[in-house]
Amino acid sequence: MEINFKNKKVEKFLRSIDKVLRPRVAKALDGFAGLDLVTDYDPDLLVLADPLPGMGTYDVVSRIREFSSLPIIVLGSDNPGQAIHILEAGADNYLVKEDVGDKELPARVGTLLRKANMGPDQNQQEIFTNG
């Protein structure tokens with residue numbers, strides 16, 4: 001998969017997760033490829049670079065949400081309207097790719113993977129009643 005971002009920190013991080021977590025993480029720079037990755041490989045995380053050629057990011061996220069709760073991070077431009085639009089479609093995070101810090105993206109990936117691996121009961125504290 002071609003990885004090419006103006007922000008070299010983001011590019012370096014995506015290359016590192018590609019090497020380290022290859023069996024667990026999928027990323028797509030093309031809308032149709034993103035859908036194919038999700039349906040064919042059932043990844044734990046999807047990283048999309050907005051804008052996507054072919055099928056737009058909003059459409060990809062919306063279609064994925066029809067059948068999956070897969071964590072989705074979108075790396076896009078500094079456009080608040082577009083970010084809100086994509087988040088409303090179901091993306092879990094929208095980050096400005098030119099501004100992402102070298103620690104922010106790994107932290108968000110780790111948080112989403114941790115939440116995705118938690119069962120529904122692990123998100124709630126057990127209530128103890130004595131009596």
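The largest nonpolar core of this predicted model has 17 residues. Leu 46, Leu 48, Val 60, Val 61, Ile 64, Ile 72 and Val 74 have the most contacts inside this core. Five elements give two or more residues to it: α2, β2, α3, β3 and α4. There is also a second, separate core of ten residues, which includes Leu 45, Leu 105, Leu 112 and Leu 113. Why look for such groups at all? In soluble globular proteins, nonpolar side chains tend to be buried together.

Now let's follow one contributor, helix α3, which spans residues 57–65. Which of its residues are buried? In α3, Thr 57, Val 60, Val 61 and Ile 64 are. They cover an arc of only 95° around the axis, so they sit on the same side of the helix. The spacing helps you see the pattern: an α-helix has 3.6 residues a turn, so residues three or four places apart point the same way.

What covers these buried residues of α3? The cover includes helices α2 (31–41) and α4 (80–89), together with strands β2 (45–49) and β3 (72–76). Zoom in on Val 60 for a closer view: leaving aside residues up to four places away in sequence, Val 60 touches Gly 31, Leu 35, Leu 48, Leu 52 and Met 55.

Finally, find Val 100, in the loop between β4 (93–96) and α5 (104–116). Is this loop residue buried or exposed? Val 100 has a relative accessible area of 4%, and because buried means under 20%, it counts as buried. Val 100 and Leu 75 are 25 residues apart in sequence, and their C-alpha atoms are 8.8 Å apart in space.

Definitions and conventions. Residues numbered from 1 in each chain as written. Predicted model: local features only at pLDDT ≥ 70, side-chain atom pairs only at ≥ 80, totals over all residues. Heavy atoms only, no water. Helix = DSSP H or I, 4+ residues; strand = E, 2+ residues; numbered from the N terminus. Buried < 20%, exposed > 50% of the residue type's maximum accessible area, 1.4 Å probe, protein only. Arc of directions from axis to C-beta. Contact = heavy atoms within 4.5 Å. Core = buried A, V, L, I, M, F, W, Y, C linked by side-chain atoms within 4.5 Å.
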